Amino acid sequence: MEKKIAIIGCGSMGKMLLEKIINSKIIPEDNLFVANRTLEKIQVLKEKYKNMHICRTNKEAAENSDIIFICVRPSDIKTVLLEIRDVLDNSKHIISLNGSILFEQIETVCKNNKISKVIPSVTAEVNESQTLVCHNSKVTKEDEIVLNKILGTFGKVIELPENEMGMGAELVSCMPGFIAAIFNEIVVVAQEHTKIPEEQITNMLLNTMMGTSKLMLENKLSFEEVIIRVATKGGITEEGIKVIHEKLPEVVKEMFEKTLEKRKLTTENAIKAFNS
Ligand SMILES: NC(=O)c1ccc[n+]([C@@H]2O[C@H](COP(=O)([O-])OP(=O)(O)OC[C@H]3O[C@@H](n4cnc5c(N)ncnc54)[C@H](OP(=O)(O)O)[C@@H]3O)[C@@H](O)[C@H]2O)c1
């Protein structure tokens, strides 16, 4: 791919993105322009990635690129946009990695630009991200294809309307944490009933999760169909599932109520900070 890419902000997300793009080789290393508030942090990276460009300013990175990934905290996004705004002609595609700042806010600084929002999940580390993406009205089909190719280097890409990005993030971005919390409880309680070592219990659960996912995806099974397959009438699994059906809905309901409320508050605060 011949596109030039800027990564502004090289913290946890920016660095992950940079390494995935370089390792995938879809873009030559010298098509990458990286900027970070603390310059020393990216100067170290230059030892490993000799051909990429270390930029002294965000403006320099944006000026030289077609696609500009903004990987800074929400409180720093406006500062970055104001710094680069003079070099943003209409052909440049801005990608924000923050879910809370809306297109509406970004467009107050970059009125005529193509803008997309991208939310990767932690599973990007093993190239299994389910990256959420949404675009403003200026983004063309061709821009989408190029962006999907870049994001596809570390997993699947899921396009959603902007107003569904919140719930989308609960389902793919928060979910690894929710799954870990649920299974951690299972490990703790299972240990009260067995002498199987913790590590072995964990591996049994992880492999069962992976196998169940594979079974469902390959055979296009629903969760209900798996329950029917495993829980024979009057059997042992059925007893456990009865408890889950009785007790879990209340927990899940409260979990989403709390997370969505927190998300709403975070968005409101991010918008306030952006507008101040
Ligand atoms: N972490 C996640 O799992 C995750 C998942 C999805 C989305 N996101 C979103 O991704 C964005 C980045 O998150 P993160 O976790 O990568 O944050 P982070 O680790 O704190 O990294 C932010 C980076 O931005 C740099 N920076 C701050 N202000 C800057 C400026 N004015 N110009 C250039 N660089 C600047 C910081 O530089 P210094 O070296 O000076 O600190 C730091 O390296 C956030 O909006 C977050 O909401 C994060």
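Lys220 lies in the loop between helix H8 (198-218) and helix H9 (223-230); helices (H or I, at least four residues) and strands (E, at least two) are DSSP runs, numbered from the N terminus. Lys220 has a positive phi of about 50 degrees although it is not a glycine. Most residues other than glycine have a negative phi. Lys220 counts as exposed because it has 7 C-beta neighbours inside 10 Å. A residue is called buried if 20 or more other C-beta atoms lie within 10 Å of its own, exposed if 12 or fewer, and partly exposed in between, with C-beta atoms placed from the backbone.

The model is a predicted one, in which local features need pLDDT of at least 70 and side-chain atom pairs count only at pLDDT 80 or more, while totals for chains, interfaces and linings use all residues. Residues are numbered from 1 along each chain as its sequence is written.

A positive phi, of about 60 degrees, also occurs at Asn127, again not a glycine. Asn127 is placed in the loop between strand S6 (114-119) and S7. Three residues are set side by side below.

| Residue | Element | C-beta neighbours within 10 Å | Class |
|---|---|---|---|
| Lys220 | loop between H8 and H9 | 7 | exposed |
| Asn127 | loop between S6 and S7 | 14 | partly exposed |
| Ala62 | helix H3 (residues 58-63) | 25 | buried |

Ala62 touches Ala6, Ile68, Ile84, Val87 and Leu88, not counting residues up to four places away in sequence. Two residues are in contact if their C-beta atoms, placed from the backbone, lie within 7 Å. Ala62 and Leu39 are 23 residues apart in sequence, and their C-alpha atoms are 16 Å apart in space.

**Overall architecture**

The chain comprises ten helices and eight strands. Its C-alpha atoms fill a box of roughly 70 × 40 × 35 Å, taken along the principal axes. Of the 276 residues, 28% count as buried. Among contacts with a separation of 6 or more, 62% join residues 24 or more positions apart.

The largest nonpolar core has 48 residues, of which Ile7, Ile8, Val34, Phe69 and Ile70 touch the most other members. Such a core is a set of buried Ala, Val, Leu, Ile, Met, Phe, Trp, Tyr and Cys residues joined through C-beta atoms within 7 Å. At least three residues of this core come from each of domain 1 (5-159) and domain 2 (168-275). Beyond residues up to four places away in sequence, Phe69 touches Ile5, Ala6, Ile7, Ile8, Leu17, Ile95 and Leu97.

**Domains and their contact**

The chain is assigned domain 1 (5-159) and domain 2 (168-275), with bounds that come from an automatic or database domain assignment. The C-alpha centres of the two domains lie 32 Å apart. Their contact takes 16 residues from domain 1 and eleven residues from domain 2. On the domain 1 side, helix H4 (74-84) and strand S7 (129-135) are the elements that give two or more residues. H4 gives the most to that side, with four residues.

**Packing of H7 and H10**

Helix H7 (residues 165-191) and helix H10 (residues 236-275) pack at an angle of about 115 degrees, with their axes 10 Å apart. Axes are lines fitted to C-alpha atoms, for helices over the stretch in contact, and angles run from 0 to 180 degrees between N-to-C directions. H7 contributes Gly166, Glu170 and Cys174 to the contact, and H10 contributes Phe256, Thr259, Leu260 and Arg263.
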